Amino acid sequence: MAEIPDQLPPLPESVARPSLLTRWLLVTLALVSLLLGLIGLFLPVLPTVPFILLSAWAAARSSPRLLAWLEGHSAFGPMLTEWRRGGVVRRRAKWLATVTMGASAVVMLLTLPKRWMALLLIACMAAVLVWLWRRPEKLTDTAPSKS
């Protein structure tokens, strides 16, 4: 497990400190997203990466400690760093997503009561895959910064 620093860095001056209610809602979103991402490691129909990215986004706005843990995590840290620095998605992750979505499409075609429901969901997955495969696979010096 990654070590959590004792001294938390202050929020950047450009980021307004959220109200207490907003902070707790964002922390809840970060934790629920993290939990769903972890469940997605074991359930093929539930994606992991989008939930981890959402968790990091919410943590960056509410919990520097949780964000530091996510960024220091051996599995999530490199993925979050690459995403932030250039929107990078590694080829292995792209193939894993493609295979998982393909398997999910077959399951939906066989189990959903209405074929149109399966086809609608498959069309959404296909759109996500088109977007995903257009993402860069390596960090470059010219890649735009993602925050």
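Biologist: Which residue shares a salt bridge of 3.3 Å (N to O) with Glu137?

Modeller: This is a predicted model, in which local features need pLDDT of at least 70, side-chain atom pairs count only at pLDDT 80 or more, and totals for chains, interfaces and linings use all residues. Residues are numbered from 1 along each chain as its sequence is written, and side-chain values use heavy atoms, with hydrogens and water left out. A salt bridge requires a side-chain nitrogen of Lys or Arg within 4 Å of a carboxyl oxygen of Asp or Glu. With Glu137 as the acid, the partner whose side chain meets it at 3.3 Å is Lys94.

Biologist: How many residues apart in sequence are the parts that Glu137 and Lys94 tie together?

Modeller: Lys94 belongs to helix H5, a helix being a DSSP run of H or I with at least four residues, numbered from the N terminus. Glu137 lies in the segment after H6, so the pair joins parts whose separation in sequence is 43 residues.

Biologist: Is Lys94 buried or exposed?

Modeller: A residue is buried under 20% relative accessible area, exposed over 50%, and partly exposed in between (1.4 Å probe, protein chains only). Lys94 has a relative accessible area of 1%, and therefore it is buried.

Biologist: What is the N to O distance between the side chains of Arg91 and Glu137, and how far apart in sequence are these residues?

Modeller: The side chains of Arg91 and Glu137 meet in a salt bridge of 2.8 Å, N to O. Distant parts of the chain are linked by this pair, Arg91 in helix H5 and Glu137 in the segment after H6, at a separation of 46 residues.

Biologist: What relative accessibility does Glu137 have?

Modeller: Arg91 counts as partly exposed because its relative accessibility is 47%. Glu137 also counts as partly exposed, and its relative accessibility is 25%.

Biologist: Which residues are linked in a network of salt bridges?

Modeller: Glu137 meets Lys94 in one salt bridge and Arg91 in another. The residues linked in this network are Arg91, Lys94 and Glu137.

Biologist: Which helix holds Glu71, the salt-bridge partner of Arg84?

Modeller: A search of the whole structure finds 4 salt bridges, including one of 2.6 Å, N to O, between the side chains of Arg84 and Glu71. The pair ties together parts 13 residues apart in sequence, because Arg84 lies in helix H4 and Glu71 in helix H3.

Biologist: What relative accessibility does Glu71 have?

Modeller: Arg84, at 31% relative accessibility, counts as partly exposed. Glu71 likewise counts as partly exposed, with a relative accessibility of 30%.

Definitions and conventions. Helix = DSSP H or I, 4+ residues; strand = E, 2+ residues; numbered from the N terminus.
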